[in-house]
Amino acid sequence: MKPIGILGGTFDPIHYGHLRLAEEMLELANLQHIRFIPAGNPPHRDTPQVSALHRSAMVQLAIADQPAFVLDEREVLRSAKCFTVHTLRELRAEFGENQPLCLLMGGDAFLQLHTWHEWEQILDLAHIVVGYRPGFTLEERIHSASPKLREHYQQRLCSVDYLSQHPYGGIAELAIPKLEISATLIRSRVAENRTIRYLLPATVANYIYQHHLYISC
Ligand code: ATP
């Protein structure tokens, strides 16, 4: 069964780094579709600069021409704090116990996984698929991670085929060139009145200017 990909983030704003990561993972992990889930009130980082409504609208614009990308607004519509593990429980209930689910993330996010709420339960609900820069394997960097995370990584490392054959529990690595783009960079460039062209889709850049977002940061 083709796995469903899940890409959470603040998307403050969404940019080509996120979109390329998703596009490469869609292809390399042979995913059925990818659900982009903007965080409502992210528990493990600073409050986003702009409202969930704006962040969600920008994701919708960015993914409009890729039918395999879907906006999932469940976290932004919830008023309570919400954690990835809760979202995954909901998705598991909706898609059934046999559907492979893959939580997608960059290598930097994976190395911080042990700071997430009930992080070990995540692996009982979904696989984790990590994008790492070609030439810099995760194996080299995992030594700096928490011992427990290292243990899970060593025991659960799996092939792409495993992702479609099992509903959850594996950790797969995919070599994906990382674009040197971050939402932080885009916010500060807008605040400094510098160009953001080609860092994100033009539709999203236009939305930022129309709504006067990130003028101060
Ligand atoms: P900020 O600069 O505000 O911290 P960000 O650009 O890192 O934001 P997030 O919304 O925090 O974006 O990231 C969501 C996911 O996208 C994370 O798993 C992160 O590792 C991944 N990601 C972010 N930027 C890139 C990039 N340039 N290339 C590949 N993956 C990325």
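Colleague: Which residues line the second largest pocket?

Modeller: Start from the general idea. Rolling a probe the size of a water molecule over the atoms shows where empty space is left. In this predicted model, the lining of the second largest pocket comprises Tyr-16, Leu-19, Arg-20, Glu-23, Leu-61, Ala-62, Ala-64, Asp-65, Gln-66, Phe-69, Pro-201 and Thr-203. The volume of this pocket is about 190 Å³.

Colleague: Which element gives the most to that lining?

Modeller: α1 does, with four residues. α1 spans 16-28 and α2 spans 52-63, and each supplies at least two lining residues.

Colleague: How do the lining residues divide by nonpolar, polar and charged?

Modeller: Seven are nonpolar, two polar and three charged.

Colleague: Now the backbone. Where is there a cis peptide bond?

Modeller: The background first. Most residues other than glycine have a negative phi, and most peptide bonds are trans. Here, the bond between Asp-12 and Pro-13 is cis, with omega about 5°. Pro-13 sits in the loop between β1 (4-9) and α1.

Colleague: Which residue in the loop between α1 and β2 should I look at?

Modeller: Asn-30 lies there, ahead of β2 at 33-38. Asn-30 is not a glycine, yet its phi is positive, about 50°. Its relative accessibility is 43%, so Asn-30 counts as partly exposed.

Colleague: And Tyr-198: what is its phi, and is it buried or exposed?

Modeller: Tyr-198 also is not a glycine, and has a positive phi of about 75°. Its loop runs between α9 (183-191) and α10 (202-210). The cut-off for exposed is over 50%. Tyr-198 has a relative accessible area of 67%, so it is exposed.

Conventions: Residues are numbered from 1 along each chain as its sequence is written. This is a predicted model: local features need pLDDT of at least 70, side-chain atom pairs count only at pLDDT 80 or more; totals for chains, interfaces and linings use all residues. Side-chain values use heavy atoms; hydrogens and water are left out. On a 1 Å grid over the protein atoms alone, a cavity is a set of points where a 1.4 Å probe fits but cannot get out, and a pocket is an open set with protein on both sides within 12 Å along at least five of seven lines; lining residues have an atom within 4 Å of a point. Grid points are joined across faces, edges and corners, and a volume is the space filled by probe spheres set on the points. Ala, Val, Leu, Ile, Met, Phe, Trp, Tyr, Cys and Pro count as nonpolar, Asp, Glu, Lys and Arg as charged, and the others, Gly among them, as polar. Buried means under 20% relative accessible area, exposed over 50%, partly exposed in between (1.4 Å probe, protein chains only).
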